[in-house]
Amino acid sequence: MTASSPTPLTSDDDWWRSAVVYQVYVRSFADSDGDGTGDLQGIRERLPYLRELGVDALWLTPFYTSPMIDGGYDVADYRDVDPMFGTLTDFDAMIGDAHTLGLRIIVDLVPNHTSSAHPWFTAALAAAPGSPERERYLFADGKGEQGELPPNDWESIFGGPAWTRMPDGQWYLHLFDPAQPDLNWRHPEVRAEFSDVLRFWLDRGVDGFRIDVAHGMIKAEGLPDVGFSTMTTGQRQVELLGKGRLPYFDQDEVHDIYRAWRPILDSYPGGRMAVAEAWAETPQRLARYIGPDELHQAFSFDFLDATWSADSFRKVIDSALAESTIVGAPTTWVLSNHDKQRHVTRYGDGEVGLRRARAATLLMLALPGCAYLYQGEELGLPEVLDLPDELRQDPAFLRTGESRDGCRVPIPWSGELAPYGFGPAGSELSWLPAPATWQTLSVAAQAGVPGSTLELYRAALRIRHAHPALTAGAGGVVWLETEPGVLAFSRALDGAVLTCVVNVSGAPALIDGYGQPAVASEELTVRGSGHLLPVDAAAWFERR
Ligand code: BGC
Ligand code: MG
């Protein structure tokens with residue numbers, strides 16, 4: 001393998017429209033100091049790997065000062081690095097190297113809630129009910145004769161009531177863990193603070209932000225009940241996420257916040273962007289987060305939710321592309337992230353799951369728009385399903401029995417023993433244990449091995465960047481007529497045509513007339529003038 005030579009950052013302000021963004025779950029990526037936790041210096045050391053993989057940008061999950069109750073999505077200081085991840089100096093060194101290698105850096109911004117260890121919240125706790133210190137959060141008196149009932153019926157996304165009572169009798173709102181109190185975004189100080197936090201990281205050179213719970217900051221006036229009486233027995237509010245309108249999500253006023261942020265982003269050179277993690281009732285409502293006066297992108301999770309069928313894929317792709325035409329912004333394609341079961345496992349786990357995951361990757365990377373990869377998917381990592389309960393750290397686990405730890409296991413880099421080179425030589429620590437079966441999945445075990453998942457990603461990303469039909473601005477997709485269960489579409493520019501074919505049909509499919517194979521998720525067999533595409537496989541063909 002020859003490492004591609006560094007290309008400095010392009011001055012293209014629209015870089016994010018067709019970028020491949022690699023999500024780094026900082027705690028689990030690479031541990032430079034042997035304490036068992038990934039860190040910024042670890043990322044810095046692995047930048048050449050990411051450069052060679054062929055991604056354009058990294059999204060780093062929160063590395064700010066935090067008690068780590070929710071893996072860092074509980075921020076105690078928005079302007080500093082937690083000692084477990086390093087220092088601001090490490091951050092500067094890391095982003096400097098990334099830019100030299102042509103890699104952009106997107107950081108996570110968590111504006112809906114702070115940590116309960118944030119100085120604002122400790123001040124609020126120390127102050128009396130009704131004091132200005134409490135106004136930055138959502139404190140309220142309870143219902144019932146003694147105020148012993150929560151102010152309304154809202155539920156935490158992590159299970160249980162969204163309210164916790166203080167010893168002085170007042171309640172405070174937390175849509176997530178009690179250690180993540182929700183901020184009051186109607187308070188001018190809260191707004192001013194986050195504008196300043198944006199500038200702090202923009203000044204340090206970040207290329208963009210991933211906005212956590214971007215639809216949650218404004219709560220309906222009067223904090224009205226969701227109204228369980230209208231819901232069927234056993235149905236929880238969390239099931240309504242993205243399907244119904246909740247009084248704490250997707251309120252119209254939330255858009256004022258983004259209209260205030262956009263001029264800040266635009267005042268910096270080099271195409272600084274923001275992507276919303278937002279859930280909305282309809283694609284039309286989700287589209288409202290995107291536009292020249294709001295955010296650049298919003299994650300669409302429909303692709304991730306699609307089932308393994310031609311119809312399901314076709315439907316979500318068509319609707320995503322239609323929406324992106326309406327808003328004039330590219331679609332975001334996501335198969336995995338740190339909150340969802342890894343797609344190898346979603347697609348059936350084991351050999352079948354891996355085959356399908358590889359095929360889905362070729363499908364995703366051939367589509368127009370921006371693709372988000374989650375660390376380890378390029379190795380074909382499955383979800384770790386058998387983590388011992390006592391090691392699980394997801395705060396949702398205790399409340400719901402469901403845990404996101406299985407997709408957060410540290411990356412295997414090399415060697416025969418866990419944690420497979422996650423730390424420096426000789427280090428045996430990792431905050432979650434990697435399974436014994438991961439030896440063969442490590443980067444070292446796959447690099448340079450024809451047919452490995454890592455080499456499949458490298459090949460696909462190389463073609464994606466080089467092929468005229470796949471590069472920025474190359475327009476939409478043209479669906480081709482196929483036998484049932486086979487998806488095929490072309491993208492073309494100036495006579496160069498790339499066709500992506502996915503076989504979901506359950507039987508090998510004969511593919512003919514699309515040109516020469518460029519990359520395939522499984523080996524193709526020549527059959528007459530065409531090729532046989534195996535079951536649960538995808539391939540790209542090119543014609544010029
Ligand atoms: C993040 C989760 C986190 C939650 C609360 C989500 O959007 O992706 O990991 O637990 O927000 O901050
Ligand atoms: Mg470390």
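User: What counts as a polar contact, and how far is the side chain of D339 from an oxygen atom of ligand 1?

Analyst: A polar contact is a pair of N or O atoms within 3.5 Å. In this predicted model, an N or O atom in the side chain of D339 and an oxygen atom of ligand 1 form such a pair. The distance between the two atoms is 2.5 Å.

User: How much of the area that ligand 1 exposes when taken alone does the protein bury?

Analyst: The side chain of H338 places an N or O atom 2.9 Å from an oxygen atom of ligand 1, and a polar side-chain atom of H113 also lies 2.9 Å from an oxygen atom of this ligand. Taken alone, ligand 1 exposes 310 Å². Of that area, the protein buries 97%.

User: Into which classes do the residues of the shell around ligand 1 divide, and how many are charged?

Analyst: Ligand 1 is surrounded by 14 residues, the closest being D70, D212, E277, H338 and D339. The shell contains four nonpolar and three polar residues. The number of charged residues is seven.

User: Which spacing do the donors of the magnesium ion (ligand 2) follow along the chain?

Analyst: The protein donors are D31 (OD), D33 (OD), D35 (OD), T37 (O) and D39 (OD), and they lie 2.2 Å from the magnesium ion. Along the chain, their spacing is D-x1-D-x1-D-x1-T-x1-D.

User: Is T37 buried or exposed, and what is the class of D39?

Analyst: A residue counts as buried under 20% relative accessible area. T37 has a relative accessible area of 8%, so T37 is buried. D39 has a relative accessibility of 3%, and therefore its class is buried.

User: What length does helix 4 reach from its first C-alpha to its last?

Analyst: Helix 4 covers residues 188-203, which makes 16 residues. At 1.5 Å a residue, 22 Å is expected. The helix comes close to that value, reaching 23 Å.

User: Which residues of helix 4 are buried, and which residue with a positive phi follows the helix?

Analyst: The buried residues of helix 4 are V190, E193, F194, S195, V197, L198, F200, W201 and L202. After the helix comes a residue whose phi is positive, near 100°. That residue is G205.

User: Where does D225 lie, and how far is its C-alpha atom from that of V504?

Analyst: D225 belongs to the loop between strand 9 (208-211) and helix 5 (254-266). With 40% relative accessibility, D225 counts as partly exposed. D225 and V504 are 279 residues apart along the chain, and their C-alpha atoms are separated by 44 Å.

Terms used. Residues numbered from 1 in each chain as written. Chains lettered and ligands numbered in written order. Predicted model: local features only at pLDDT ≥ 70, side-chain atom pairs only at ≥ 80, totals over all residues. Heavy atoms only, no water. Helix = DSSP H or I, 4+ residues; strand = E, 2+ residues; numbered from the N terminus. Expected span 1.5 Å × (residues − 1). Buried < 20%, exposed > 50% of the residue type's maximum accessible area, 1.4 Å probe, protein only. Near = heavy atom within 4 Å. Polar contact = N/O pair within 3.5 Å; in protein donor to acceptor, adjacent residues only side chain to side chain. Areas by Shrake-Rupley, 256 points an atom, 1.4 Å probe, with all protein chains shown as cover. Nonpolar A, V, L, I, M, F, W, Y, C, P; charged D, E, K, R; others polar. Donors = N, O, S within 2.8 Å, 3.2 Å for Na, K, Ca; no water.
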